[in-house]
Amino acid sequence: MTIERKPFPEGGQDWAELEARMDALSHDDIDWSGGRSPLFVFFNDQATYEVGKKAYAKFFTENALGRKRAFFGIAEMERDVLGHGLDLFSAPDGATGAFTSGGSESIFLAMKAARDAFRARTGRKAGHNIVVAWSAHPAFDKAADAMDIALRRAPLAPDLLADPAAMADLADEDTIAMVGSAPCFPHGIIDPIEALSALALERGIWLHVDACVGGYIAPFFHRIGRDIPHFDFRFAGVRSISADLHKFGFCPKPASTVYYRDADDLARATFDSDDWPNGRFATETLVGTRPGGAVAASWAVLNHLGEAGYRRAARNLAEMTDAYVAGIEAIEGLRMWARPDLSIINFGSGEIDMFEVAERMSARGWLPGLTKQPRGMHAMMSMLHAPARETYLADLSACVDEVRKGGASRSSLEATY
Ligand SMILES: *Cc1c(COP(=O)(O)O)cnc(C)c1O
């Protein structure tokens, strides 16, 4: 797609004019604050939102690239955040991590570290592959593509969890890493990391746990007594973990983390160069310049919420999700494709085409999340979705009715992120 050339703006518009134009430009946006987007945005409560925004604005200009030479406060806040993450994920002594600008970057870095660890161990430099479950995030395809590595997707078990036996079948002597998700994005369920860890140890393969979406809230679901599986460094085969602060950590974007069991692996992910006029340039991240505001805001949100705040958030999310699940199951013909471990839901029908339902929901102003296999609707819910529940369920029920009355037809809608 091409983009039309536009003469550079004349300039001189004041804030009032700019704001009015921006409001006009975003006039047709999805009403995310009304809980109508099942993707992209996260919210805990107004106080958390304000703390994140204020801390971000306070360090708006600081650049986290300069944290070692200029911005010592950012350096210390980053160490604090990473230290809390290591504690949350049961890391052993000697573990470490990096603060990144998103899950895709965290995943890229972990896969680069895994590749270089594999190369150091085997001496083989090409022909590598990564084995993931079919439900793994496309960020792994992206990283594999950029590094010329093959990605192998293993079929899921009937319960939609990663199937260790299927992954074992795909792994061979060129496998640099295996991946499990905690939880996977499509179905919202935590893969059997304990079994994958055992497999990883047996085969001597790096296991990465992708906890991007749920990493910062799942431990608190556990601590409030929800029966969900563990997924972290307590399992000896887990060598790296990615977890996004800017999802269910409720921190402003862009903020993610990648953790390594062994500090040597951070060194493998670090790019270190000295061959240019300004001397040594070393980054533990893919990007150079990084917003100091994102680090400060994450530090502030973690300290604001703390153990009690995240437990409260987990309880609120769990209760809201239970209510959504009960409402969906009460609609005749609908069923959950998986029992959600957190607040990501995926449901469908054995009788009607869910994409037909999704089209009608879209006409009613809901952005539909879709899964193509199994064919269903999908929503990643934060507290924006609590006040919208009754309207959503009423619309869903009405749309299901309409589709039922319309007879068997199949929507041409395609699942897209
Ligand atoms: C969001 C997500 C990612 C990618 O993170 P970005 O921050 O969007 O780059 C990776 N894995 C899972 C499971 C995710 O939900």
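This passage describes a four-stranded sheet and the packing of two helices, H11 and H12, in a predicted model.

The sheet is open, and its four strands are arranged in the order S10-S11-S13-S12 with antiparallel pairing. Strand S10 (334–336) and strand S12 (369–372) form the edges, each pairing on one side only. On average, neighbouring strands of the sheet are turned by 35° against each other when direction is ignored. Within the sheet, strand S11 (residues 344–349) pairs with strand S13 (residues 375–380) in the antiparallel sense, over five bridges. Ile344 has Met380 of S13 as its bridge partner. Helix H11 packs on this sheet and touches S10, S11, S12 and S13. The direction of H11 makes about 45° with that of S13.

Helix H11 also packs with helix H12. In general, a packed pair of helices is described by the distance between the axes and by the angle between them. Here, the axes of H11 (residues 354–363) and H12 (residues 389–405) come within 9 Å and cross at roughly 125°. The two helices are therefore oblique to each other, since an angle of this kind falls outside the ranges that count as roughly parallel, roughly perpendicular or roughly antiparallel. The crossing of H11 past H12 is right-handed.

On the H11 side, the contact is formed by Glu356, Val357, Arg360 and Met361. These residues meet Tyr392, Asp395, Leu396, Cys399, Val400, Glu402 and Val403 of H12. Classified by residue type, the contact of H11 with H12 comprises seven nonpolar and four charged residues, with no polar residues.

How values were computed:
Residues numbered from 1 in each chain as written. Predicted model: local features only at pLDDT ≥ 70, side-chain atom pairs only at ≥ 80, totals over all residues. Heavy atoms only, no water. Axes fitted to C-alpha atoms, helices over the stretch in contact; angles between N-to-C directions. Parallel < 35°, antiparallel > 145°, perpendicular 65-115°, else oblique. Left-handed = near helix turned anticlockwise from the far one by under 90°. Contact = heavy atoms within 4.5 Å. Nonpolar A, V, L, I, M, F, W, Y, C, P; charged D, E, K, R; others polar. Pairing = 2+ DSSP bridges.
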